[in-house]
Amino acid sequence: VDVSNSDDVFTKHMDTLFLITHTSTFNISLQALMLILQITTTLPEAAASTSTDSTSAFSTSLKDRFYRTLYASLLDQRLASSNKQAMYLNLLFKALKADTNIERVKAFVRRFVQILVVGVSGTGGVEFIAGGLYLLGEVSFYR
């Protein structure tokens, strides 16, 4: 089995998933983000990895790419009209709980608080705000 070929295939599939997050409807993007989170949480950590340096570097790079995409999704205008806001909050909670980079988690919390202050896209969204406040309480509980 050619390992480099399978790595290339995996990378192409991941690139396709990230492309979906940027070009599809919000609900489909959310599903792609959930799948990417599932994949990234099964990859070895860079510090604790017994695998090769290239594998842990790829894992770290993929996780960083996921969190950049998720961070950008916080400002997605389509979130306000989505019927999947609870699923989005669940994804955000799982991602923040799984993140080992505390500075990145702090940045997410700061941005998320800003979004909650103005409401989702400035439209209010009382249920989303209440869920977001609950999420923040739970995230701080795990830290």
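Biologist: Which residue offers the backbone oxygen that the side chain of glutamine 85 reaches?
Modeller: The model is predicted, and local features need pLDDT of at least 70, side-chain atom pairs count only at pLDDT 80 or more, while totals for chains, interfaces and linings use all residues. Residues are numbered from 1 along each chain as its sequence is written, and side-chain values use heavy atoms, with hydrogens and water left out. At 3.2 Å, the side chain of glutamine 85 reaches a backbone oxygen, a polar contact (N or O atoms within 3.5 Å, one able to donate a hydrogen and the other to accept it; residues adjacent in sequence count only if both atoms are side-chain atoms). The residue that offers this oxygen is alanine 80.

Biologist: In which helix does glutamine 85 lie?
Modeller: Helices are DSSP runs of H or I with at least four residues, strands are runs of E with at least two, and both are numbered from the N terminus. The helix that holds glutamine 85 spans residues 85-98, and this element is H4.

Biologist: Is glutamine 85 buried or exposed?
Modeller: The relative accessible area of glutamine 85 is 18%. Buried means under 20%, exposed over 50% and partly exposed in between, with a 1.4 Å probe and protein chains only, so glutamine 85 counts as buried.

Biologist: How many helices does the protein chain have?
Modeller: From the N terminus on, the elements run α-α-α-α-α-α. The chain has 0 strands, and its helices come to 6.

Biologist: What share of the residues of the protein chain count as buried?
Modeller: The protein chain has 143 residues. Glutamine 85 is one that is buried, and the share for the chain is 36%.
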